[in-house]
Amino acid sequence: MTDSRSDQLEQRLDDVRTRIHEAARASGRLPTDITLVVVTKTWPSSDIRLLHALGVRHFGENRSQEAERKAAELLDLKLTWHFIGQIQSNKAAHVAAYAGVVHSVDSKRLVARLDTSAQRRGRSIDCLVQVSLDDDGVEPSSGRGGAAAEDLPELAAALDAATSLRLAGLMGVAPIDAEPVVAYRRLAALQADLRERHPGAEMLSAGMSGDYEAAIAAGATHVRVGSAILGERPLLR
Ligand SMILES: *Cc1c(COP(=O)(O)O)cnc(C)c1O
């Protein structure tokens with residue numbers, strides 16, 4: 001029996017999957033080259049179980065405590081957890097315990113902490129460097145985090161030197177006042193540069209509910225979609 005929440009999630013998920021498919025085709029890309037990460041922050045583990053039953057395996061969370069609790073509750077599903085929020089250094093050990101992919105690496109200090117913790121647990125973590133896409137010259141005051149593009153080489157080098165972390169690509173959030181496709185093309189250009197020296201950095205995490213089609217047009221391999229599938233979040237963020 002399906003309850004109404006399950007029907008609602010199924011409908012919205014189908015819609016997002018269809019749009020991803022169409023956006024990929026429109027750019028001459030393969031739909032299978034794009035991974036949908038469903039962002040479940042603020043929503044209960046029961047929703048994640050319903051989404052798992054609909055075939056979703058990749059889930060995104062941005063708060064350490066909440067993510068840790070859900071990962072523990074859903075251990076039986078063997079999900080891949082994508083951590084997409086800012087990480088305070090003292091939370092790095094927690095994130096390293098369950099995250100398969102961290103999208104929000106933006107400092108060498110965080111690289112060091114994640115690596116130590118992952119190593120201790122015998123885990124390996126794919127890491128994306130989050131790049132700030134705010135206009136140059138503007139203070140990174142948006143609160144969205146992200147390293148300056150000029151710091152990319154040294155963060156990439158730090159990840160290369162890490163034992164239990166892998167440099168897997170880049171992540172970005174389009175600034176509110178920017179044209180998403182322009183911001184994401186800039187991110188894709190940074191990734192193209194990066195791949196000359198780091199060919200393994202093949203992931204491009206870009207696009208949220210409002211702009212994932214633009215992100216796919218710019219080359220996103222991973223889109224992070226929350227509210228278009230789960231509904232408007234009860235709390236801000
Ligand atoms: C919340 C969040 C998303 C998903 O946002 P929606 O607009 O709900 O799709 C994607 N990326 C990051 C970094 C987020 O914090």
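Student: Where is the place of Leu155?

Tutor: Leu155 sits in helix 6, which covers residues 152-161; helices here are DSSP runs of H or I with at least four residues, numbered from the N terminus. Residue numbers start from 1 along each chain as its sequence is written. Keep in mind that this is a predicted model, where local features need pLDDT of at least 70, side-chain atom pairs count only at pLDDT 80 or more, and totals for chains, interfaces and linings use all residues, while side-chain values use heavy atoms and leave out hydrogens and water.

Student: Why does Leu155 count as buried?

Tutor: Buried means under 20% relative accessible area, with a 1.4 Å probe and protein chains only. Leu155 has 3% relative accessibility, so Leu155 counts as buried.

Student: Which residues does Leu155 touch, not counting those up to four places away in sequence?

Tutor: Those are Asp106, Ser107, Lys108, Val129 and Ala147, with contact meaning heavy atoms within 4.5 Å.

Student: Now the ligand. What makes Lys41 a polar contact of the ligand?

Tutor: A polar contact is a pair of N or O atoms within 3.5 Å. A ligand oxygen is 2.7 Å from an N or O atom in the side chain of Lys41, and that pair therefore fits the definition. The side chain of Arg233 also has an N or O atom 2.7 Å from a ligand oxygen.

Student: How many residues of each class are in the shell around the ligand?

Tutor: Four are nonpolar, three polar and three charged. Ala, Val, Leu, Ile, Met, Phe, Trp, Tyr, Cys and Pro count as nonpolar, Asp, Glu, Lys and Arg as charged, and the others, Gly among them, as polar.

Notes
Polar contact = N/O pair within 3.5 Å; in protein donor to acceptor, adjacent residues only side chain to side chain. Helix = DSSP H or I, 4+ residues; strand = E, 2+ residues; numbered from the N terminus. Buried < 20%, exposed > 50% of the residue type's maximum accessible area, 1.4 Å probe, protein only.
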